[in-house]
Amino acid sequence: MSRKTAIFILSFSLFSSLWLPALLGAAANPPLKQVTFIPQWVPQAQFAGYYVAEETGIYQKYGLKVEIINGGPQRSSAEYLKHQKADFASLWLVTGLNLWQQGTAVVNLAQIVQRSALMLIAKKKSGILRPKDIEGRKVGLWGSPFEIQPQMFFKQYDLKVEVLRQSYSVNLFLRDGVAVTSAMWYNEYHTIINAGINPDELTTFFYADHKLNFPEDGIYVRKETWQQQPELCRAFVKASLEGWQRAFAEPELALDITMRNLKKEHIISNRVHQKWMLERMQDIILPAHTQHQLGHLKRKDFQRATEALRSKGLIEKIPDFNIFYKPLAGE
């Protein structure tokens, strides 16, 4: 063997031992697909499953690198999805239907929240114990999509009320500026209790208990994205559902991650409130005493929402259920 041949073989052997494993590893582990996701609001336990999936590597396991964009009053998740500023978004069912009305076809990939957490709250000392007692009272309401159920509630019980536009604070209610306030069970209701009012001093009206259960948070994508990249959509949904399962199985981990995201965005909250929120999210994502598949959109819930929106003249275009909803893995 010549000296040159020996040097070549030695060089090739060194190259193979140093670089071939890396090249083979790169082939076995293709680059992660980068996608963006926007929830409706700023970091809080309402979205714990997504933060858990991102921080614990669940998205990465499914071949994804997910950037979670903060939602909130300045960043509408519906507008971000509509204008293709985000690949995936968390939306209420009525919001998804409204996008169809506006000409943006979206697809519900997973219905995360099954039971509406939206409610009205009154103080018993005000004399409000039943729906009819709200007649003529001042009621604080949020804007769309939060105002659809209360308007249907008032119509159902033939109530005439004085509506005041409500901010994201319950201070007006606490100071008796309104007799009835809007609230989410996992958020404002707990804030009111923490302000020193006992639960037995309150009258609560959950819309879900009055035949107005409109499912809330779901995972949505533009229709063309689903058509062009169905496997990407399935991967995101599977990873997100796994994130929620782990968040409920390991609540302290989920709270640690949630609090880190709150701190990073300089949002003031506390672990006790976030714990309440996470527990209530489990109640409405996986309602007790029901045979429920995580992420499933029931046809009857879809029909209830579409009929309500059409009766109020809010939508005319109603997508076919099988076009609007694409369940996990197409089953």
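Q: Is the crossing of α10 and α12 left-handed or right-handed?
A: Left-handed, in this predicted model.

Q: Which residues make that contact?
A: On the α10 side, W244, A247 and F248. On the α12 side, L278, M281, Q282 and I285.

Q: How do those residues divide by polarity?
A: Six are nonpolar, one is polar and none is charged.

Q: And what about the axes, at roughly what angle do they cross?
A: Roughly 125°, with the axes coming within 10 Å. The helices in question span residues 230-249 for α10 and 271-285 for α12. Angles over 145 degrees would count as roughly antiparallel and 65 to 115 as roughly perpendicular, so α10 and α12 are oblique to each other.

Q: Switching to N213. Where is it found?
A: N213 sits in the loop between β9 (202-206) and β10 (218-222).

Q: Buried or exposed?
A: N213 counts as buried, because its relative accessibility is 13% and the cut-off for buried is under 20%.

Q: What does the side chain of N213 reach?
A: The backbone nitrogen of S116, at 2.7 Å.

Q: Which residues is N213 in contact with, leaving aside neighbours within four places in sequence?
A: Q114, R115 and S116 are among them. Y207, A208, D301 and R304 are also in contact with N213.

Q: Now α5. How many of its residues are buried?
A: Seven of nine, so to speak mostly covered, across residues 93-101.

Q: Which ones?
A: L93, V94, T95, G96, L97, L99 and W100.

Q: What comes just after α5?
A: G103, which takes a positive phi of about 100°.

Terms used:
Residues numbered from 1 in each chain as written. Predicted model: local features only at pLDDT ≥ 70, side-chain atom pairs only at ≥ 80, totals over all residues. Heavy atoms only, no water. Helix = DSSP H or I, 4+ residues; strand = E, 2+ residues; numbered from the N terminus. Buried < 20%, exposed > 50% of the residue type's maximum accessible area, 1.4 Å probe, protein only. Polar contact = N/O pair within 3.5 Å; in protein donor to acceptor, adjacent residues only side chain to side chain. Contact = heavy atoms within 4.5 Å. Axes fitted to C-alpha atoms, helices over the stretch in contact; angles between N-to-C directions. Parallel < 35°, antiparallel > 145°, perpendicular 65-115°, else oblique. Left-handed = near helix turned anticlockwise from the far one by under 90°. Nonpolar A, V, L, I, M, F, W, Y, C, P; charged D, E, K, R; others polar.
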